[in-house]
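Please open the model in your viewer and keep the selection panel at hand. The stops below say what to select and what is there.

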Amino acid sequence: MAFHVEGLVAIVVFYLAILAVGIWAAWKTKNTGSEGDRSEAIIVGGRDIGLLVGGFTMTATWVGGGYINGTAEAVYVPDYGLAWAQAPIGYSLSLILGGLFFAKPMRSKGYVTMLDPFQQLYGKRMGGLLFIPALMGEMFWAAAIFSALGATISVIIDINVNISVIISALIATMYTLVGGLYSVAYTDVVQLFCIFLGLWVSVPFAMSHPAVTDIGLTAVHQVYQAPWLGSINSLDIYTWLDNFFLLTLGGIPWQAYFQRVLSSSSATYAQVLSFLAAFGCLVMAIPAVLIGAIGASTAWNQTDYGVPDPKSKKEADMILPIVLQYLCPVYISFFGLGAVSAAVMSSADSSILSASSMFARNIYQLSFRQNASDREIVWVMRITVLLFGASATAMALLASSVYGLWYLSSDLVYIIIFPQLLCVLFIKGTNTYGAIAGYLFGLVLRITGGEPYLYLQPLIFYPGWYQDDNNLYIQRFPFKTLAMLTSFFTNVTVSYLAKYLFESGTLPPKLDFLDAVVARYSREHMDKATLVKSDNIVLNELAPVNPRHSLTLSSTFTNKEAFNYVDSSPELSNTEDN
């Protein structure tokens, strides 16, 4: 394949444009946030993200390289087809459920990150444990899409994969570093527009290629391969449902999503943004579905690609760039490449910012440096943006099973964080003992179920398992959903059991070493941090006994009435005096 100078120039121009928008957004909003509020402005954009920008950035967060490439691949692969392209419906339903049930309670209580309610109710230790699967999900996701981008660019312009990955990561990290959520949000507007325009411009050219058969015919009839509409075998129905629930429910507890929710100017706006993004995800999946259908309807021996076809060459995961390269004019393929690059960067920057936000606030500030200044937190965020960006890039270049790691970590988000989020928001009475037990049970059940992408053999063989041609054990039973439900019910059961044992006197108070039951009963929790009214609890900075009202406590959340209640509560004053 020849090196395409035009393609390289097109990519460079696109990247420079994205970088310019990111820097402009950072400059435009550099004075946003008060003197002690700059870190929160970087994380949640000053809570003034409007509907237009918010809708674009939330949609672009999900419509990434994996979403576009993965949807096209699922439609193209004969054994799957459109019936197995679950991401568009799954993520859209995830956003709808998030808007209906999760956005309002999270935004109305003024949280700054997704981990805040966990540290509020379960303490900083549990917040640190939940940070691990959340961080793994974000980092492996960024690494996976950087890896996909490098392969995509190399298909079309024949440039070294490593160089393309490094340059793409540098651009995304640079504008995230200087502008935080503002830069990410404004660049998402440009990127989503490029995705939409680039893919839709490519579809008519690819569809009109002489080697392409009418996709309406190949949808239901076998021409070059099985119909691209696909089907679900009766033996695979439980696997399909397991994956569907993972996408729908496991797509909710991500910091990248809640960062947009918490940046909204109101709880109602947060809900509306979720619904807009759900619609946007469906619309943006249409050209990817069509490109996958075009790939399945093409006589590849009549194109420059030749024989065998992409699936026989094990290049089915690259069907989107292959269609752009061999079925579209050169200038159109470059335009489509810009669209794919935009899709990748719009997700990668969100993951990097999400990981650094959770670390700076929930680990560094709330767990170790409660007295840290706002300027210090800002610098910690900037350093971790660089570190996490470099780590994701290194994994994309060095790890051979990045996608397998991401699959496993996304499973952990579904199995561990989602049931914990349900409990912390909707189930009264859960405590740290139940949270830890649910965490461990879910983790053990997931790991012992095996992971083919990592060649991790199962220790528990559920009904319906079989061994594939590579001697890997495949589970048909929906064990991921079973692990999630087990984690949830374990949390509730152990929490209420611990509550009964301590409050009935069966266990002495001194055994409540996590201060999760007795301490809560006495209106004190989390290292004796001050609590307020139980119906509208506001998290403080987790400082022991004597909170600082001057900076950190007053800026942690926005509900000032709650702090007035703390100061005037005689019950709380008596508790502190004791």
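Select Lys-313 together with Tyr-305, and turn the view until you look onto the tyrosine ring: Lys-313 lies over the face of Tyr-305, at 4.3 Å from the ring centre. Bear in mind, here and at every later stop, that this is a predicted model. For a second arrangement of this kind, go to Trp-379 and add Arg-382, whose charged end sits over the tryptophan ring at 5.0 Å from its centre.

Now turn to rings that pair with other rings. The count of aromatic pairs comes to 23. One of them is formed by Phe-461 and Trp-465, a tilted pair with 5.0 Å from centre to centre and 55 degrees between the planes. Are these two rings' residues buried, exposed or partly exposed? Phe-461 has a relative accessibility of 39% and therefore counts as partly exposed, and Trp-465, at 40%, is also classed as partly exposed. Next select Trp-62, Tyr-67 and Tyr-91, which ring pairs link into a cluster.

For the next stop, switch on the molecular surface and colour the nonpolar side chains. Which residues make the nonpolar surface patch of about 670 Å²? Select Ile-89, Leu-93, Ile-96, Leu-100, Phe-101, Phe-275, Leu-282 and Phe-426, which together form this patch. If you then show the helices beneath the surface, you will find that helix 5 (87–108) and helix 12 (267–296) each supply at least two residues of the patch, and that helix 5 gives the most, with five residues. Phe-101 is a good residue to pause on, since it lies in helix 5 and, with a relative accessibility of 45%, counts as partly exposed, because that value falls between the 20% limit for buried and the 50% limit for exposed.

From the surface, move to helix 11 (residues 255–262), and hide the surface to see it. Eight of its eight residues are buried, so this helix is largely enclosed by the rest of the structure. The buried residues to select are Gln-255, Ala-256, Tyr-257, Phe-258, Gln-259, Arg-260, Val-261 and Leu-262.

Gln-475 comes next, in the loop between strand 2 (473–474) and helix 18 (479–503). What does the side chain of Gln-475 reach? Display the backbone atoms around it, and you can trace one contact to the backbone oxygen of Gly-449 at 3.3 Å and another to the backbone oxygen of Ile-460 at 2.8 Å. With a relative accessible area of 10%, Gln-475 is buried, because the limit for that class is under 20%.

The last two stops concern residues that are separated along the chain, so show C-alpha atoms only. Begin with Thr-303, which is placed in the loop between helix 12 and helix 13 (319–327) and, at 10% relative accessibility, counts as buried. Add Ala-211 to the selection: the two residues are 92 residues apart along the chain, while their C-alpha atoms are separated by 6.9 Å.

Finally, select Leu-412 in helix 16 (residues 402–426), a residue that counts as buried at 5% relative accessibility. Draw a distance from the C-alpha atom of Leu-412 to that of Ile-447, and the viewer should give 9.3 Å for two residues that are 35 residues apart in sequence.

Definitions and conventions: Residues are numbered from 1 along each chain as its sequence is written. This is a predicted model: local features need pLDDT of at least 70, side-chain atom pairs count only at pLDDT 80 or more; totals for chains, interfaces and linings use all residues. Side-chain values use heavy atoms; hydrogens and water are left out. Patches are made of residues with over 30% relative accessible area and no salt bridge: like charges are joined within 9 Å, nonpolar side chains (Val, Leu, Ile, Met, Phe, Trp, Tyr) within 5 Å. Accessible areas come from the Shrake-Rupley method with a 1.4 Å probe; for residues, only the protein chains shown count as cover. A salt bridge is a side-chain nitrogen of Lys or Arg within 4 Å of a carboxyl oxygen of Asp or Glu. Helices (H or I, at least four residues) and strands (E, at least two) are DSSP runs, numbered from the N terminus. Buried means under 20% relative accessible area, exposed over 50%, partly exposed in between (1.4 Å probe, protein chains only). Rings of Phe, Tyr and Trp (its six-membered ring) pair if their centres lie within 6.5 Å; planes under 30 degrees apart count as stacked, over 60 as edge-to-face and the rest as tilted. A charge sits over a ring if NZ of Lys or CZ of Arg is within 6 Å of the ring centre and within 35 degrees of the ring normal. A polar contact is a pair of N or O atoms within 3.5 Å; within protein, one must be able to donate a hydrogen and the other to accept it, and residues adjacent in sequence count only if both atoms are side-chain atoms.
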